[in-house]
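Subject: Structure for your review

Dear colleague,

Please find below the structure I am handing over to you, followed by an account of what was found in it. I would be grateful if you would read the two side by side.

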Amino acid sequence: MEDNDSLAKIAAEIKACRKCPLGKTAHRAVPGEGNPEAEIMFIGEAPGYWEDQRGIPFCGAAGNLLNELLASINLKREDIFITNILKHRPPNNRDPLPGEIKLCSPFLKRQLLVIKPKVVITLGRFAMNFFLPNLYISRAHGQPRKITWEGIPLLIIPLFHPAAALRNGEVMEKLKEDFLKIPQIIKEATNPPPKEETPIQGSLF
Ligand code: SF4
């Protein structure tokens with residue numbers, strides 16, 4: 001990363017990017033938005049219909065649910081940073097292709113290096129498997145995992161995607177429960193519990 005990299009510079013490059021065909025087929029780029037000093041960074045898969053129309057991440061029904069979930073832990077959109085792995089919408093919301101991810105992920109890496117979040121929350125199976133391949137979201141959701149991605153140490157919490165929660169009441173309950181765990185996970189990441197001291201044996205001199 002260049003020393004003078006910034007979210008605005010990255011966003012401008014994303015808007016001009018045509019490295020993969022999605023830059024031509026999408027209406028608008030969706031670089032991400034939020035607090036440049038956010039402790040929590042949310043990462044989804046790719047922009048959907050409304051995001052593509054407006055250039056804003058998570059702004060449809062799933063976005064409204066995300067705002068409610070944030071409020072449940074006393075957070076607002078301005079407190080976090082939110083983005084996607086891909087910055088332009090794939091046609092008809094199809095899954096991102098490996099080649100598109102390879103070309104686009106350097107932008108995500110630069111955003112991570114600028115923001116330096118304490119916690120990365122992946123939304124949905126696809127975003128989780130980007131960082132944590134081979135895990136099943138039905139088992140891994142809500143459990144923090146420390147990883148190193150592209151040389152960057154990250155604490156990842158995989159969560160269900162809000163859009164999946166809107167379709168399934170059981171997923172909605174799990175997503176709400178997982179959200180309530182976030183403050184404690186951040187607290188522990190910031191102030192890890194002190195290690196138990198090894199008792200020092202008294203010595204006789
Ligand atoms: S999806 Fe990513 S790599 Fe493809 S054109 Fe958009 S910004 Fe560039």
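Ile182 counts as buried because 21 C-beta neighbours lie inside 10 Å, where 20 or more are required. This residue belongs to helix H9, which covers residues 169–190. Leaving out residues up to four places away in sequence, Ile182 touches Ile73 and Ile157. Gly142 stands 40 residues from Ile182 in sequence, and their C-alpha atoms are 8.4 Å apart. Please note that the model is a predicted one.

Ser72 offers a contrast in burial. With 11 C-beta neighbours inside 10 Å, Ser72 counts as exposed, since the limit for that class is 12 or fewer. Ser72 lies in helix H4, residues 61–72. Apart from neighbours within four places in sequence, Ser72 is in contact with Lys176, Phe179 and Leu180. The C-alpha atoms of Ser72 and Phe179 are separated by 7.9 Å, although their positions lie 107 residues apart along the chain.

I turn next to the core. The largest nonpolar core consists of 45 residues, and those with the most contacts inside it are Met41, Phe42, Ile43, Ile80, Ile85 and Ile121. Helix H5, residues 98–115, gives the most to this core, namely 5 residues. For Ile43, the contacts beyond four places in sequence are Thr83, Asn84, Ile85, Val120, Thr122, Leu123 and Ala127.

Helix H5 deserves a fuller description. It has 18 residues and spans 25 Å from its first C-alpha to its last, close to the 26 Å expected at 1.5 Å a residue. Within H5 there is a kink of about 40° at Cys104, shortly before the proline Pro106. The buried residues of this helix are Glu100, Cys104, Phe107, Leu108, Gln111, Leu112 and Ile115. An α-helix has 3.6 residues a turn, so residues three or four places apart point the same way. The buried residues of H5 pack against helix H1 (7–16), helix H2, strand S2 (40–44), strand S3 (81–84) and strand S6 (152–159). Just after H5, Lys116 takes a positive phi of about 50°.

H5 also has a part in the surroundings of the ligand. Which residues come nearest to the ligand? Of the 13 residues around it, these are Cys17, Cys20, Gly23, His88 and Cys104. Two or more residues of this shell come from each of helix H2 (22–25) and H5, and H5 gives the most, with 3 residues. By type, the shell around the ligand divides into 7 nonpolar, 2 polar and 4 charged residues. Cys104 therefore appears twice in this account, at the kink in H5 and among the residues nearest the ligand.

Finally, two loop residues have backbone angles that you may wish to inspect. Asn93, in the loop between S3 and H5, has a positive phi of about 60° although it is not a glycine. Asn93 is partly exposed, with 13 other C-beta atoms within 10 Å. Glu150, in the loop between strand S5 (145–149) and S6, has a phi near 50°, a positive value in a residue other than glycine. Glu150 is exposed, with 11 other C-beta atoms within 10 Å.

Yours sincerely

Terms used: Residues numbered from 1 in each chain as written. Predicted model: local features only at pLDDT ≥ 70, side-chain atom pairs only at ≥ 80, totals over all residues. Core = buried A, V, L, I, M, F, W, Y, C linked by C-beta atoms within 7 Å. Helix = DSSP H or I, 4+ residues; strand = E, 2+ residues; numbered from the N terminus. Contact = placed C-beta atoms within 7 Å. Near = placed C-beta within 6 Å. Nonpolar A, V, L, I, M, F, W, Y, C, P; charged D, E, K, R; others polar. Expected span 1.5 Å × (residues − 1). Bend = angle between axes of the 7 residues up to and from the residue.
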